[in-house]
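Hi there,

Here is the structure I promised to pass on to you. Have a look at it first, and then read on for my notes.

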Amino acid sequence: MTVSRIVPADEIRAAFSAAMSAMYRDEVPAYGTLMSLVAKVNDETLSARPELKKRLEETDSLDRISEERHGAIRLGTPEELSMMRRAFAVMGMYPVGYYDLSTAGVPVHSTAFRPVEDASLKRNPFRVFTSLLRLDLIEDESLRREAAEVLASRRIFTDGAIALIEKAERDGGLDQADATRFVGEILETFRWHDRAIVDADMYRRLHAAHRLVADVVSFRGPHINHLTPRTLDIDKVQALMPEFGIAPKAVVEGPPSRNCPILLRQTSFKALEEPVSFIGENGEWRPGSHTARFGEIEQRGIALTPKGRTLYDTLLDRTRARIVPAPDGSNAPEYEATLAEVFKEFPDDWNEIRQEGLGYFRYSLTEKGRAAAGRKTDLETAIAEGLVQFDPIVYEDFLPVSAAGIFQSNLGDDAAQEFVASPNRLMFERALGASVLDEFAHYAEIERTSMESCLAVVEMPIAAE
Ligand code: OOG
Ligand code: NI
């Protein structure tokens, strides 16, 4: 009987994200600078806003506030993706959502591996935005074939990692010693390699097809390309970056700054040009450079319903029909002003957002509600009478337009390219070896379950469309 010695998957994920953070700070010193800036701004924000501090103390673990929320990798083959799914499962991370980025000129499709349960998110929210390269979108057939050959020859997981994944699947988890070994082994997959597995000519051709193709195909493994801590004031960190010697991307992605934050706002510092070497003649290495790695920050708001999401998408489209943010930041103020103006149409009051069915909320009984148990009324009356309260459910996923903006600004802004939109979720899920969780269904379920906790005073409404 080994069951009692199994380490919870959440603990393995926490150890993994801490190890990844240390490795990345070591590999990319500018990321360490960003982390210090985020911690400083978070501290200042908390001192200036005691009510926020209190709320965070009550709902979150305040001491983990500046820890990483996510990272990202780009994989080359279906086999890599399906093994990655199995590796993340050991850490309690499951594929949620399907993102087609071809529409935005990036030849990948993606999912986010993340903890799903509330308690798991609280223990450690780390997730990994994981993209699979779509060689089928590359026109040059011979290059496509060569790239596929290079990818087929690499092994991104150590033998030790694979053995431990299989063991975890067999035994339903890992004991402490194996969990520690697993974190060490799996970290190898995310490590930076400054020696390419292609020669300079091949790199140039891959790069000409798309920078992202060069990034995925040219190296031994899917180096982590950024990590992302949470900030309590994204606009302030964006503004302070230059003072700290790091170059921010042109604009913050996502919705404008609001009283009631929705979805996700993100920004990053631009990817660094780093020295690498390519396979040369007679066993020599040829020096060159590659630009891929950066640091990002995020601030999250409420998860929107399909109706709310459609409104968000419409308003974002409308903004971008009027002004497209220039990569060099020259029209950033005009872009921000237009975004704020257009988004006035999105209600900025929690109760309005709720009543219009734009966002997901968690309902609970107030003390008064608990005392009134047995007295049945409808939900709106119960809220109006202070028997039931509601809190926004935080959006834990990603946004394709924002992701594309992050990709673009880190691939070099001249790299924008057109692809025929071709979402192919089935192809992705076949490669993954599993289906992805539908994020809307998931949030709706959290809301529905929370409603059940209010049945003592609320008549459950008939499920409405
Ligand atoms: C992933 C970009 C997407 C985000 O935060 O939207 C992403 C990548 O550059 O590989 O991480
Ligand atoms: Ni990101």
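A good place to start is Arg 74: one of its side-chain N or O atoms is 2.7 Å from an oxygen atom of ligand 1. Please keep in mind that this is a predicted model. Two further side chains reach oxygen atoms of the ligand through polar atoms: Asn 225 at 3.0 Å and Gln 266 at 2.5 Å. Taken alone, ligand 1 would expose 320 Å², and the protein buries 100% of that. The space that ligand 1 takes up is the largest cavity.

Now for the surroundings. The residues around ligand 1 are His 70, Ala 72, Arg 74, Phe 129, Asn 225, His 226, Gln 266, Glu 296, Phe 398, Ala 403 and Phe 407. Sorted by class, this shell holds 5 nonpolar, 4 polar and 2 charged residues. Strand E1 (68-75) and helix H17 (400-411) each contribute at least two residues to the shell, and E1 gives the largest share, with 3 residues.

There is also a metal to look at. The nickel ion (ligand 2) has three protein donors, His 70 (NE2), His 226 (NE2) and Glu 296 (OE), which lie 2.1 Å from the ion. Along the sequence these donor residues follow the spacing H-x155-H-x69-E. His 226 belongs to strand E6 (residues 226-229) and Glu 296 to strand E8 (residues 285-300), so to speak a link between distant parts of the chain, 70 residues apart. His 70, His 226 and Glu 296 are also listed among the residues around ligand 1.

Enjoy exploring, and write back with any questions!

Best wishes

Definitions and conventions
Residues numbered from 1 in each chain as written. Chains lettered and ligands numbered in written order. Predicted model: local features only at pLDDT ≥ 70, side-chain atom pairs only at ≥ 80, totals over all residues. Heavy atoms only, no water. Near = heavy atom within 4 Å. Polar contact = N/O pair within 3.5 Å; in protein donor to acceptor, adjacent residues only side chain to side chain. Areas by Shrake-Rupley, 256 points an atom, 1.4 Å probe, with all protein chains shown as cover. 1 Å grid on protein atoms, 1.4 Å probe; cavity = no way out; pocket = protein on both sides within 12 Å on 5 of 7 lines; lining within 4 Å. Sits in = over half its atoms within 2 Å of the grid points. Helix = DSSP H or I, 4+ residues; strand = E, 2+ residues; numbered from the N terminus. Nonpolar A, V, L, I, M, F, W, Y, C, P; charged D, E, K, R; others polar. Donors = N, O, S within 2.8 Å, 3.2 Å for Na, K, Ca; no water.
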